[in-house]
Amino acid sequence: MPVTSPFHSVFAAHLLFFASRVSFFFGGALFSAIFFRHLPELDAFPPFAQAFVKSVYVAATLFGLFCYSLELDRFGKAVEDRPPERSE
């Protein structure tokens, strides 16, 4: 699906690209914080259903952040590109 931009600016596009990359770094930091916070508790495993639900929740959150960063990247490309000039 094509993304249309209300304006075109290289500076705004670079800010969107930066926000896209930074949001994915925050996702990685979130995953690392969760993993290292709960690493000492791995000597006693939780019930399988509880571990599965929590794992799916973390995976879904990371996937949502990934999709968000992709959409920011697509919008940044739309803001950066100028539409082709019409010749009449």
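Ser23 touches Tyr68 and Ser69, leaving out residues up to four places away in sequence. Keep in mind that this is a predicted model. Ser23 sits in helix α1, and Ser23 counts as buried because its relative accessibility is 9%, under the 20% limit.

Now to Ser20. Ser20 also belongs to helix α1, which covers residues 10-38. With the sequence neighbours up to four places away set aside, Ser20 touches Ser69, Leu72 and Asp73. Is Ser20 buried or exposed? Its relative accessibility is 4%, so Ser20 counts as buried.

Two of those partners lead on to other topics. I take Leu72 to begin with. Leu72 is one of the residues of the largest nonpolar core. That core has 6 residues in all, and the others are Ala12, Ala13, Leu16, Phe17 and Val79. Which elements give two or more residues to this core? They are α1 and α2, the latter being residues 48-80. The largest share, 4 residues, comes from α1.

Val79 is worth a look on your screen. Without its neighbours within four places in sequence, Val79 is in contact with Ser5, Phe7, His8, Ser9, Ala12, Ala13 and Leu16. Among these, Ala12, Ala13 and Leu16 are core residues as well.

The other partner of Ser20 I wanted to follow is Asp73. That brings us to charges. Side chains of opposite charge can pair when their charged atoms come close. How many salt bridges does the structure hold? It holds 3.

Asp73 forms a salt bridge with Arg21, and the closest N and O atoms are 3.3 Å apart. This pair links distant parts of the chain, with Asp73 in helix α2 and Arg21 in helix α1, 52 residues apart. At 16% relative accessibility Asp73 counts as buried, whereas Arg21, at 45%, is partly exposed.

Asp73 also meets Lys77 in a salt bridge, at 3.9 Å from N to O. Why are Lys77 and Asp73 separated by about one helical turn? Because they are 4 residues apart in helix α2. Salt bridges that share partners join Arg21, Asp73 and Lys77 into one network. Lys77 is partly exposed, with a relative accessible area of 45%.

The remaining pair is Arg74 and Glu71, whose closest N and O atoms are 3.1 Å apart. Both lie in helix α2, 3 residues apart, about one turn of the helix. Arg74 counts as partly exposed at 33% relative accessibility, and Glu71 is partly exposed at 43%.

Notes: Residues numbered from 1 in each chain as written. Predicted model: local features only at pLDDT ≥ 70, side-chain atom pairs only at ≥ 80, totals over all residues. Heavy atoms only, no water. Buried < 20%, exposed > 50% of the residue type's maximum accessible area, 1.4 Å probe, protein only. Contact = heavy atoms within 4.5 Å. Core = buried A, V, L, I, M, F, W, Y, C linked by side-chain atoms within 4.5 Å. Salt bridge = Lys/Arg side-chain N within 4 Å of Asp/Glu carboxyl O.
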